Amino acid sequence: MKQQVALAAVTTTAATVMAVVALVRQYWKAKQDRQWGKCQRILRKFARDCSTPVPKLWQVANAMVSDMGASLSSSDEATSSLNMFVSYASPLSTGINEKGMYYGVNLRQTKILMVCGRLQGKNQPISDLYVDEVPIPSSVMIGTSQELYDYIAAELVKFSSAHPEKDDEASANDKKLGFTVSSGDDQSTAISGSNIKLKNFAADTTGVKDLITGMNRALEKHGLKLRVHALVDDIVGNLAGGRYYDKDCVAAITLGMGTNAAYVDTTQSAPRWHDSLPKKGEIVVCMEWGNFNTCHLPITQYDTSLDAASSNPGHRIFEKMISGMYLGEIVRRVLVRMAQEAALFGQNVPPKLLIPYLLRSPDMAAMHQDTSEDREVVHEKLKEIFGITNLTTMTRELVAEVCDIVTERGARLAGAGTVAIVKKLGRIANRRSVIIMEGGLYEHYRIFRNYLHSGVWEMLGNELSDNIVVEHSHGGAGTGPLFLAASPNPDS
């Protein structure tokens, strides 16, 4: 009897334990389902807020066209989020008559890139192309502006001696030296109107004309028959390269860690600068389109928090939505919210996930473009960057979806900006227009590139989409100064 009672007690206890275990499992499953549902709701709202249907893209494009006109207007009452300026006031090379050896310099944050190449006219590609990147010594960076110019000239002497002109190419007169400036990711080196910012140098700001004068003084001192006639952003060099290969090239856009755009227009289109421009002819307008802003941009709470925490809140809003510097950070902020409010990566938020800008856009692109069945690249990147492990396939898919939403929005907005430039020039309906794209985001991020192209196509439709040709820049990185050196009429 006692054995029967004990057996019944054990059975009852076991049944109770099993029931408790079942209840616990049911509780945790219900909790996980609620958390997953919360993640899905956050994702769906984010997707809605980021959506860029064609009418929205046209609103953005039209607003940009309006701001472009206002920025070039001579009226003091015209307001614009853009602060455009005429960057170059000479015709660009045509690719027909430019022949011979040309030299150029690209000033970067802490380096100079020297380039030379032989142009053969008739739209032929560059031959005998040589590029040399030289670090700028710290002693020069903390020295005077003239010490910087002397250092560049001395390096050019060595470079031109290693890659000289042929005897029949030498000229009795001085030749143009193409000179461009690359803006750093933090805008540490940048041209703005008549000034150039050299944040990493002791002489952190100088006038463009002062730099040209000082540079030419150094070139003459070192016995070089080269003269700088214009100092421009490297986006203008890219545009000059595009025009060399195709006369229908009207604009160049950089889509990398930063972003900018420049386009060819006529002097009559820029009344603000009529007094300082030739009466007629071509000009190149640098847009600084990263500054563009309009109420039509699909800005989310994550964009707002990113902007508030940035070093320049309220500025460069367009850049913060489309450039490589920020895309990964937007993804990280969405994942943080999912982790905090819906335990996406477990009950504790991974500490490294809270570190701003730890997710770089190249890593985001690798996760997004992962085609493996179980999204193994997503797992590897999250483990490598944030120390996150034991992810389910569903979680990996969700992370990839967040990357897709951010990428699609950024690329399609860049496409809307592309259409805006062509519309401003009045070329959409009946003229072929080539837009040159440059930068790692466009070149290496295939899905971004595809979304940009499809956005332009959707905006224009079958009838007009062939009128805008978007293609990668020609000649290779750093060759822009060559084409500026070859451009005619040095009267900029």
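What share of the contacts in the protein with a separation of 6 or more comes from residues 24 or more positions apart? In this predicted model, the figure comes to 71%. The chain holds 492 residues, and 52% of them are buried. As for secondary structure, there are 15 helices and 15 strands to keep track of.

A good place to start is the sheet. Here 6 strands line up in the order 1-13-12-11-14-15, giving an open sheet with mixed pairing. Its edges are strand 1 (85-88) and strand 15 (468-472), each of which has a partner on one side only. Ignoring direction, neighbouring strands in this sheet are turned by 30 degrees against each other on average.

Within that order, strand 11 sits between strand 12 and strand 14. Strand 11 covers residues 249-255, and 7 of its 7 residues are buried, so the strand is largely enclosed by the rest of the structure. On one side, strand 11 pairs with strand 14 (residues 433-438) in the parallel sense, over 5 bridges. On the other, 5 bridges tie strand 11 to strand 12, and this time the two run antiparallel. The link along the chain from strand 11 to strand 12 is a hairpin, with 3 residues in between.

Single residues help to trace a path across these strands. Ala252 stands opposite Ile436 in strand 14, and Ala252 also stands opposite Ala262 in strand 12. From there the path carries on, as Ala262 in turn stands opposite Cys286 in strand 13. Strand 12 (residues 259-266) and strand 13 (residues 282-286) are themselves joined by 5 bridges and run antiparallel. As a general point, side chains in a regular strand alternate between the two faces of the sheet.

Away from those strands, Arg118 is worth a look. Arg118 belongs to strand 3, which spans residues 111-120. With a relative accessibility of 9%, Arg118 counts as buried, because the cut-off for that label is under 20%. The side chain of Arg118 also has a partner: a polar contact of 2.3 Å joins it to the side chain of Asp128.

Next comes a pair of helices. Helix 10 (residues 361-368) and helix 11 (residues 376-386) have axes that come within 8 Å and cross at roughly 150 degrees. Angles over 145 degrees count as roughly antiparallel, so that is the label for helix 10 and helix 11. Their crossing is left-handed. On the helix 10 side, the contact is made by Asp363, Ala366 and Met367. Helix 11 brings Val377, Val378, Lys381, Leu382 and Ile385 to the contact.

The loops around this helix pair hold two residues with a positive phi, neither of them glycine. One is Ala343, with phi near 50 degrees, placed in the loop between helix 9 (324-342) and helix 10. The other is Asn390, where phi is about 55 degrees; this residue lies in the loop between helix 11 and helix 12 (393-424). Buried or exposed: which word fits Ala343, and which fits Asn390? Ala343 has a relative accessible area of 17% and is buried, whereas Asn390, at 72%, is exposed.

Terms used: Residues are numbered from 1 along each chain as its sequence is written. This is a predicted model: local features need pLDDT of at least 70, side-chain atom pairs count only at pLDDT 80 or more; totals for chains, interfaces and linings use all residues. Side-chain values use heavy atoms; hydrogens and water are left out. Two strands pair if DSSP finds at least two bridges between them. Helices (H or I, at least four residues) and strands (E, at least two) are DSSP runs, numbered from the N terminus. Axes are lines fitted to C-alpha atoms, for helices over the stretch in contact, and angles run from 0 to 180 degrees between N-to-C directions. Buried means under 20% relative accessible area, exposed over 50%, partly exposed in between (1.4 Å probe, protein chains only). A polar contact is a pair of N or O atoms within 3.5 Å; within protein, one must be able to donate a hydrogen and the other to accept it, and residues adjacent in sequence count only if both atoms are side-chain atoms. Angles under 35 degrees count as roughly parallel, over 145 as roughly antiparallel, 65 to 115 as roughly perpendicular and the rest as oblique. A crossing is left-handed if the near helix is turned anticlockwise from the far one by less than a right angle, and right-handed if clockwise. Contact means heavy atoms within 4.5 Å.
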